[in-house]
Amino acid sequence: METISTTSRRNFLKIAALSSGGLVLGFHWNESAATSFKVLKDEAMLSEHNFNSYLSISTEDIITIFSPNPELGQNIKTSFPMIVAEELDADWSKVKIIQAALDTKKYERQLTGGSGAIPHSWERLRKAGATARHLLVEAAAKRWSVASSALVTENGKVIDKANNRSLSYGELVTDAATIAVPADVKLKDKKDFKIIGKAIKNVENEAIFTGKPLFGLDFYREGMLHAMVQRPTGFGMKIKSVDSAAARAVPGIIDVVQFKNNVAVVGKSTWQIIKARKLLKVDYEPDGTVESSADHDKLFKELLNSKDATVRRKNGDVEAAFKNAAKVIVKEYQCPFIPHNPLEPMNFFADVRADGVELIGPTQTPDRARGEVAKLLNISPEKITVEITRLGGGFGRRLYADYVLEAAELSSILKAPVKVTWLREDDMSGGTYRPAVRYRFEAALDGNGNVIGYKLRGVGMNSGNPTREDNFPSGAVENLLIDSVEHKSSITTGAWRAPITNFLAYAEQAFLDEVAAEVKQDPVQFRLNLLEKAKKSPTGPIKYDIDRMKAVIELVAEKSNWGKKKNVAQGFSVYFSHRSYVAQVAEVEVKNGKPTLQKIYAAADCGVVVNLSGAMQQVRGGIVDGLGHAFYGNLTFKNGEPEQKNFNTYRLIRLKEIPEIDVHFVNNGIDPTGLGEPALPPTGGAVANAFFKATGKRLYNQPFFKQDALEGVQLGTKG
């Protein structure tokens with residue numbers, strides 16, 4: 001049984017409307033040719049035109065679109081059909097998605113990440129729907145010999161109200177395929193949207209809840225081998241010796257293979273290889289520097305004082321501002337490494353043959369997987385196909401191809417199709433982590449409490465640039481310096497949901513709260529005053545939209561009744577990331593002497609909300625993710641080895657700890673700007689600022705629950 005739902009362009013046309021005399025529109029998913037559409041009348045036209053996507057309407061009224069993006073939980077299998085159906089005036093539940101196989105020559109962005117699927121596809125899908133609608137209306141007008149302007153469309157039908165008659169789209173598609181495609185079409189006024197903005201449940205909910213095979217772990221092919229890899233016990237370690245005799249003796253074990261710094265147990269089933277791997281005897285020895293978390297703490301202090309920093313942004317005369325300041329505030333914030341922990345552990349299938357390579361599994365970046373496998377096997381990427389299953393979470397982990405390479409290398413060695421499966425312990429102890437970072441913030445105040453200087457230094461492990469130098473309050477302070485220092489570590493690090501900003505936002509917003517308190521200003525008004533200053537007299541480039549940020553601040557202040565509640569400690573935070581804006585207010589109440597997080601308000605500006613249900617889940621999910629990792633997320637190392645290897649030692653937030661979350665959206669009508677990540681960054685700051693108001697104690701490090709300041713604190717209304 002195989003479970004793949006991706007298909008090639010040619011196969012799409014075979015299963016779409018062409019086989020039954022329907023309508024197939026070819027169009028482009030690339031920026032440069034997004035407005036070009038053409039009716040495809042036969043398969044031969046596929047070779048004549050360089051289209052990379054299609055919208056098909058069958059005679060049975062089924063509408064199918066060909067999507068390049070993998071589904072990770074960002075809800076595109078529901079949201080994309082809603083966008084097409086809106087412009088087409090169709091029943092959105094009859095719009096289906098078929099996921100395209102990897103074809104980077106055809107697609108400019110075939111990946112999942114950066115909160116970019118909806119922003120990138122918005123206009124293309126709208127025009128596809130509007131173009132199809134135009135053809136259907138023209139076909140009806142021709143059949144009835146009336147002006148097309150006299151006709152309307154509703155719920156999959158073209159209607160002639162004057163003569164009380166109608167035709168379904170399926171009844172018109174054959175005629176519509178003969179109509180000339182217009183050079184351009186008029187899109188709906190957004191105020192006339194009937195489907196976009198509604199709350200629609202995810203189309204795959206039932207399949208997920210009932211365990212229907214969808215994910216990479218479900219994939220099975222008759223005759224394939226299973227493999228599980230024993231990786232080094234710590235970063236900076238190498239194999240000294242291997243004794244595989246006991247493992248090889250387990251029934252069903254085919255082979256034990258040493259490759260690079262790994263040992264793989266290969267067998268006929270996952271149960272057999274799990275048992276056999278436990279019997280492997282592998283000794284390791286140091287191979288270079290072996291790091292511990294205690295070393296990192298010491299190193300951070302040295303890096304914060306290093307003279308070898310990379311300047312990311314400098315405005316004005318920073319040295320003079322701090323020299324002449326009436327007061328200087330200096331604070332430091334630190335976060336640890338954390339793993340991604342997607343619910344579905346890493347897995348991938350590979351079949352390396354003489355005539356080509358077949359890769360199948362969950363990946364956010366199929367092109368990277370193909371490219372790295374081509375390099376590993378020293379073959380042309382054109383000889384490699386990649387099919388993408390549904391992804392059981394990622395949070396950035398599946399941007400990387402290490403687990404794909406393992407499958408490909410083992411298949412090449414064994415000359416057989418192989419599926420590699422990781423356990424939770426494998427991913428927590430040999431994965432890719434959010435880098436540990438530390439920030440030092442400095443604010444220079446004049447005698448009137450004005451911020452006349454601002455400094456930020458970010459230092460981190462393999463973090464590249466751990467700052468976002470153009471984010472607020474850059475542009476609002478005339479003398480500003482932002483720089484960074486990086487430490488190269490053997491510990492593998494990478495993008496984690498809302499890269500860099502997932503912690504930087506907390507640190508910045510907590511620091512601004514301290515500055516506001518120092519100058520005795522309300523924290524919300526303090527930020528609004530800085531934004532007003534940036535608008536009237538900006539310093540350097542401003543890459544955030546001042547009005548959009550101001551709008552989410554004012555909305556969340558209104559909804560939370562900011563500053564007007566008794567016996568409730570409110571904490572505020574606002575951040576811009578991934579093109580969108582989110583402001584949050586966290587509320588802490590003290591009950592029986594214990595401060596308890598009760599509620600979080602969020603106001604988001606992500607432009608037009610396509611699916612209100614999906615958008616709500618994105619915001620709530622981001623807040624829960626940010627909240628849980630701020631309180632508990634902590635991966636520590638001792639002699640290069642992670643000390644937490646499964647959920648018995650790595651604490652995640654629990655359902656009963658989740659506070660009430662009240663979400664609101666700014667309705668400004670601009671095109672969508674993405675929402676998968678922007679709700680996470682502000683959460684830590686809002687919560688930390690609320691706990692300060694409730695307890696008088698500041699939180700400078702994550703995880704919060706490792707600090708004395710939170711002794712006796714509870715999460716959630718149920719405690």
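Two strands pair, in the sense I will use today, if DSSP finds at least two bridges between them, and strands (E, at least two residues) and helices (H or I, at least four) are DSSP runs numbered from the N terminus. What we have here is a predicted model, in which local features need pLDDT of at least 70 and side-chain atom pairs count only at pLDDT 80 or more, while totals for chains, interfaces and linings use all residues. Residues are numbered from 1 along each chain as its sequence is written, and side-chain values use heavy atoms, with hydrogens and water left out.

Let me start with the sheet. Its three strands run in the order β6-β7-β8, open and with antiparallel pairing; because β6 (152-154) and β8 (165-168) stand at the edges with a single partner strand each, one side of each is left without a neighbour in the sheet. Between β6 and β7 (residues 157-160) there are three bridges, and Thr-153 has Val-158 in β7 as its bridge partner.

Now to the largest nonpolar core, meaning buried Ala, Val, Leu, Ile, Met, Phe, Trp, Tyr and Cys residues joined through side-chain atoms within 4.5 Å, where buried is under 20% relative accessible area, exposed over 50% and partly exposed in between, with a 1.4 Å probe and protein chains only. This core has 85 residues, and among those touching the most other members are Tyr-439, Tyr-506 and Phe-572. Helix α14 (residues 501-518) supplies the largest share, ten residues. A second, separate core of 48 residues includes Trp-92 and Leu-125.

Finally, Thr-596, which is found in strand β25 (residues 594-605), is buried at a relative accessible area of 2%.
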